[in-house]
Amino acid sequence: MSITQQYLLDTYRARQLGDPAPPAPGSRDRQVVREWRDHRRFRAVLAGRPAHGRLRRALRRWRSLWPRPLG
């Protein structure tokens, strides 16, 4: 069963029981990603690590391991 079919079935059941309709698939994806990012930043602060810029710093550190071309 696909996500769309499941959503339509859940909507039908909710309508039959008089319950509110469930949210459409994908309608809250951005909110979930923002909450996940905020939670990671919060955990980093609690652990005493910087809350942002970690990816850039890791890439810079990784790039510094490679030898630079001559010339």
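**View 1. Leu55, an exposed residue of helix H3 in a predicted model.** Leu55 has a relative accessible area of 64%, and because a residue counts as exposed when this value is over 50%, Leu55 is described as exposed. In this model, which is predicted, Leu55 belongs to helix H3, made up of residues 54-64.

**View 2. A nonpolar patch on the surface.** Leu55 is joined here by Leu59, Trp62, Leu65 and Trp66, and these residues form a nonpolar patch on the surface whose accessible area, taken together, is about 660 Å².

**View 3. Thr11, a buried residue of helix H1.** Thr11 sits in helix H1, which covers residues 3-17. Its relative accessible area is 16%, and because buried means under 20%, Thr11 is classed as buried. When neighbours within four places in sequence are left aside, Thr11 is in contact with Ala21 and Pro22.

**View 4. Helix H2 and the glycine that comes after.** Helix H2 runs over residues 29-46, and its 18 residues, at 1.5 Å a residue, should span 26 Å. The C-alpha atoms at the two ends of H2 are 26 Å apart, which agrees with that expectation. After H2 comes Gly48, which has a positive phi, near 85 degrees.

**View 5. Confidence along the chain.** The mean pLDDT of the chain is 87, with 97% of its residues reaching 70 or more. Among the elements of the chain, the highest mean pLDDT, 95, belongs to H1, whereas the lowest, 80, belongs to H3. As a general caution, predicted coordinates should not be read in detail where pLDDT is low.

Terms used:
Residues are numbered from 1 along each chain as its sequence is written. This is a predicted model: local features need pLDDT of at least 70, side-chain atom pairs count only at pLDDT 80 or more; totals for chains, interfaces and linings use all residues. Side-chain values use heavy atoms; hydrogens and water are left out. Helices (H or I, at least four residues) and strands (E, at least two) are DSSP runs, numbered from the N terminus. Buried means under 20% relative accessible area, exposed over 50%, partly exposed in between (1.4 Å probe, protein chains only). Contact means heavy atoms within 4.5 Å. The expected span of a helix is 1.5 Å times one less than its number of residues. Patches are made of residues with over 30% relative accessible area and no salt bridge: like charges are joined within 9 Å, nonpolar side chains (Val, Leu, Ile, Met, Phe, Trp, Tyr) within 5 Å. Accessible areas come from the Shrake-Rupley method with a 1.4 Å probe; for residues, only the protein chains shown count as cover. A salt bridge is a side-chain nitrogen of Lys or Arg within 4 Å of a carboxyl oxygen of Asp or Glu. pLDDT is the predictor's confidence in each residue, from 0 to 100.
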